[in-house]
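The following note sets out numbered remarks on a multi-chain model for a colleague's consideration. Each remark takes up one part of the assembly.

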Amino acid sequence: MMAKGDPLLEVTDLVKHFPIKSGVVVDREVARVRAVDGVSLTLHEGETLGLVGESGCGKSTLCRAILQLTTPTSGSVRFAGQELVGRSRRDLRSMRRQMQMIFQDPFASLNPRKRVGQIVGDPLELHGLARGAELKRRVQNLLDRVGLAAEHYNRFPHEFSGGQRQRIGIARALALRPKLIVADEPVSALDVSVQAQIINLLEDVQDEFGLSYLFVAHDLGVVRHVSDRIAVMYLGKIVENSGADELYDKPIHPYTNALLSAVPIPDPKRNAARERLVLEGDVPSPIDPPPGCHFHTRCPWATDVCTIDEPALLDHRPAHLAACHHPRNV
Amino acid sequence: MSGVILKVDDLRVSFATEDGVVQAVDGVSFELTAGEILAIVGESGCGKSVTAQTLTGLTRATNARITGSVNYRDRELNGLSDHQLCDVRGEQISMVFQDPMCALNPVYRVGDQIAEMIRAHRDVSKRKAQARAVELLRSVGIPNPDRRARHYPHEFSGGMRQRVMIAMALALEPDVLIADEPTTALDVTIQAQILQLIDRLNRERGLAVILITHDLGVVAEVADRVLVMYAGQVVEDATLDEIFYAPKHPYTWGLLGSLARLDQPRTARLVQIPGAPPSLLAPPSGCRFAPRCSHVFEECTVLPPLESRTGGMHLDRCWLDADEKAHHGGLRTRGA
Amino acid sequence: MARFVARRLLGMFAVLFAISVIVFLIFNVIPNSDPAARIAGKNADPALIARVSADLGLDQPLPIQYLTMMKQIFTGQLTSYAKDRNVVEQIWEGLPATFSLCIGAAVLWMSLAIVFGYLSAVHAGRFTDRALTILSLVGISMPVFWLAAMLLYFLSFMVELFPTGSYVPLSENPLDWAYHLILPWFTLAVLFVGLYSRVLRSNMLDAMNEDYVRTARAKGLSERQVRIRHVLRNSMIPIVTLFGLDFGMVVGGGAILTETVYNLDGVGLYAGEAIRSLDLPPLMAVVMFGAFFIVLFNTIVDILYAVLDPRIRLGEAAPA
């Protein structure tokens, strides 16, 4: 029995590399895509951990690696005290009831040939939790809870708008009453006015269902709103990890600084008055990341040590970790 | 240079589809002044992209019906033939689109695609056009432009591709650049670079820009004037400051209120706009925002005209009286 | 790229080996195919058959027979059982006719297919498109041998507009060469024109909705420039690769029926005879010939694809 506030998910040095193979008769590995390059984080019960980063940073791969949807190359993932990495599919099956995922694309993540009732009800049936009339009743309750109507049970996904489809995805994720929901950019593909609805819904059900969230997004405003703690990813590594408010008030890592600076504020005067830090160039490739600190190629404060030594993730402030040789705001 | 260069009057665009006639744009009017950045904001389906593309006739099709006036420097574009429009496109009014990966032809080199555009309008040799292409790439900040001009689109990153698109759009020094969601598909740090570029081009060359976006932050960053669109119509037309500090339409209030803002303390709940936009197959009579509006009253069964009810240039499409608007508008901007 | 080609060559040898073994085994399993008996004649006694058998090396164990045959093919010494003629020589003699037929038909079918497909796509939904669609479907539906027979009957026999087949070598008389090949070219091309024009039409219609076409228009290119330089160019890529595969197949044996009906002395005709008389050596040689061409063209097509579509560069890792 876990007490509230206990660590629910402990990820330690998780690595996922994708080999690039080439060869004449036999394929040999010539390079690797270092999608996730040694990530450690902890998520407590009832907490929402936000994960931000730009495209190519590895956050989607990290989600999949944590849920064992893709086999990690190395590292450990402990869920409710149990190690997930290396488990057989059978063992994982019963554990999957506790961990569910919400996907980004509301148009691609629902099977267009299945009715809504089936989509939401299949998990229950698969795990033998309900059948027949009882199943239907539970599904309709879920649909109602996420803001859909009972008669939507028999409709197909294409009959719904993006926001509604995302609600269906949420209902599906909630069906098994999991403890952990990994939400991979759940609102990025939605209109702004609908985003607010879905975010509010996610927050409401969190309290009601006793959920913990790993919330991945690239919209910093949204992430700050929903998260208790936030981890910032860059090229497969966590560069900063802190409480939500402190990340925005006193960011330590230069990349976090740049990210925050890049987000335009919907307030013209304040926007213009800000000091902007615009990064030059593009994100390097995860196949051949820069040596030392991965960020040094774009960092305005980089020095020689940054090109050689990879900084460790340390608490430069209480409960505020960052991986940088020249931390800001400390 | 000052003065109105583009005047759109009562533009209506409808498409005949299997399900019926979709009235995508239903009476849009606005003006664009030389050197101005006009942002058109709205959510998906509001008609902003269709409006932008109709200005240069890109939405012409057998099932499309376009009425109204698009007057560019005293020339009526709506009445021009396709052939005549080809002269306007690229040379006077240029466009940049959302996803540069798809918007550039993958089998041609980038330099060749720019050169193609130049040679379509000017009688220059291929070599000259290619040299000019390299110059253009340099002017938008692409490193090693002579080498990069020989690369294919997929060899560039998203931000670089968008720079290529912008370089191509400006090859013939048009007066107007229409940018249709130019940064939506880009990361936020790259978006900052592109917006900086657009801003610079606007200031240095007096380039007028029509910027289509759904992101109010982007609007705050670069726009001079703002049009808010909803369900195929303009619901508010004002300067940047007016939109953010004294908005006059409930939809604008809703948009501003529903943002998770970084510059303000966290709220317990985001203010949400209930419901969803109406179908454009059979738009409701009366105010189109009424079904979702928390200030709706009996007048709203009649469609309000887009006008300024207090004199001045700030237009809105709402029956509420001025005091109410001032009150609620002020609330929103204080982040309540 | 070099790695890719090397890999494909290895693959080619593997395929040819496998095919040769399979043909050989099949042949030896078919009943009533004892060549010694047939060569010896109808009223041969067992002693004669046994002598013929030993003469041709047919009493050796199967693997030895196989190896011997392979050696003979590659050294050009393979002799047919039935006619006692050098198989490889015969194939060599048949090449001009087969190549003339196939290359000519290919040129015809590609030109017509591009024109028809382009027109169909540009006028999609209207009369031109519908008419061309019907024509294509008719073309695809007609069996080659039936079409050939019909054409011969009406245009050669009844009306005497064209000769009744047989091949005139190019070196002898170019005009006559072409004259004799017009009907065969047309016959072989009809099926492919139908197919290819449909594929091109469909590709073009898809391409017209792509974003880069919209960009091309926004640049101020004329509609024709947009259609040819952007839509057609991109739609041709799958067509070219299809062509490579089909051409390989046609050369490798798909022209059998056409050659037979028109009595063109090509490899296909030769293959037809070998099948009728169940003669292993020519059969084996023809099959190997066919397989070689098909695998060769498969490889060429893959390389060509990379040339035409720069997103696919063989053997290179994708850029960041």
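**Note on the domains, interfaces and helices**

1. In this predicted model, the contact between the two domains of chain B is taken up at the outset: 23 residues of domain 1 of chain B are in contact with 22 residues of domain 2 of chain B. On the side of domain 1 of chain B that touches domain 2 of chain B, the elements giving two or more residues are β2 (20–33), α9 and β9 (225–230) of chain B. Of these, β2(B) gives the most, with nine residues. By residue class, that side of domain 1 of chain B divides into 13 nonpolar, five polar and five charged residues.

2. The bounds behind this description come from a domain assignment, which gives domain 1 (4–229) and domain 2 (231–333) for chain B. The C-alpha centres of domain 1 of chain B and domain 2 of chain B are 28 Å apart.

3. Chain B also meets chain A. In that interface, 37 residues of chain B are in contact with 32 residues of chain A. At least two residues of the chain B side are supplied by each of α7 (158–169), α8 (188–205), α9 (216–222), α10 (240–245) and α11 (250–257) of chain B. The largest share, six residues, comes from α8(B). The residues on the side of chain B that touches chain A comprise 17 nonpolar, 12 polar and eight charged.

4. One of the helices named for the chain A interface, α11(B), deserves a separate remark. How many of the residues of α11(B) are buried? The count is eight of its eight residues, and α11(B) is accordingly described as mostly covered. The buried residues of α11(B) are Pro250(B), Tyr251(B), Thr252(B), Trp253(B), Gly254(B), Leu255(B), Leu256(B) and Gly257(B).

5. Glu324(B) lies in helix α12 (residues 322–333) of chain B. Is Glu324(B) buried or partly exposed? Glu324(B) counts as partly exposed because it has 14 C-beta neighbours inside 10 Å; a buried residue would need 20 or more other C-beta atoms within that distance. The C-alpha atom of Glu324(B) is separated by 8.9 Å from that of Lys248(B), although the two residues are 76 residues apart along the chain.

6. In chain A, helix α3 (residues 116–126) contains the buried residues Val116(A), Ile119(A), Val120(A), Gly121(A) and Leu124(A). An α-helix has 3.6 residues a turn, so residues three or four places apart point the same way. The cover over the buried residues of α3(A) includes α4 (132–145) and α5 (162–174) of chain A. After α3(A) comes Gly128(A), with a positive phi near 65°.

7. Chain C contains 13 helices and zero strands. Its C-alpha atoms fill a box of roughly 85 × 60 × 35 Å along the principal axes. Of the 320 residues of chain C, 33% count as buried. Where contacts in chain C join residues at least 6 apart in sequence, 71% of them link residues at least 24 apart.

8. The domain assignment of chain C gives domain 1 (2–74) and domain 2 (91–308), with centres, taken over C-alpha atoms, separated by 33 Å. Their contact takes 13 residues from domain 1 of chain C and 12 residues from domain 2 of chain C. On the domain 1 side, α1 (2–29) and α4 (62–74) of chain C each supply at least two residues. The largest share of that side, nine residues, comes from α1(C). Its residues divide into 10 nonpolar, two polar and one charged.

9. A helix pair within chain C completes these remarks. The axes of helix α6 (residues 127–141) of chain C and helix α8 (residues 174–208) of chain C come within 7 Å and cross at roughly 135°. α6(C) and α8(C) are therefore oblique to each other, and their crossing is left-handed. From α6(C), the residues Leu132(C), Ser136(C), Leu137(C), Gly139(C) and Ile140(C) meet Val190(C), Leu191(C), Val193(C), Gly194(C), Leu195(C), Ser197(C) and Arg198(C) of α8(C). The residues of this contact divide into seven nonpolar, four polar and one charged.

Methods
Residues numbered from 1 in each chain as written. Chains lettered and ligands numbered in written order. Predicted model: local features only at pLDDT ≥ 70, side-chain atom pairs only at ≥ 80, totals over all residues. Contact = placed C-beta atoms within 7 Å. Helix = DSSP H or I, 4+ residues; strand = E, 2+ residues; numbered from the N terminus. Nonpolar A, V, L, I, M, F, W, Y, C, P; charged D, E, K, R; others polar. Domains from an automatic or database assignment. Axes fitted to C-alpha atoms, helices over the stretch in contact; angles between N-to-C directions. Parallel < 35°, antiparallel > 145°, perpendicular 65-115°, else oblique. Left-handed = near helix turned anticlockwise from the far one by under 90°. Buried ≥ 20, exposed ≤ 12 C-beta atoms within 10 Å, placed from the backbone.
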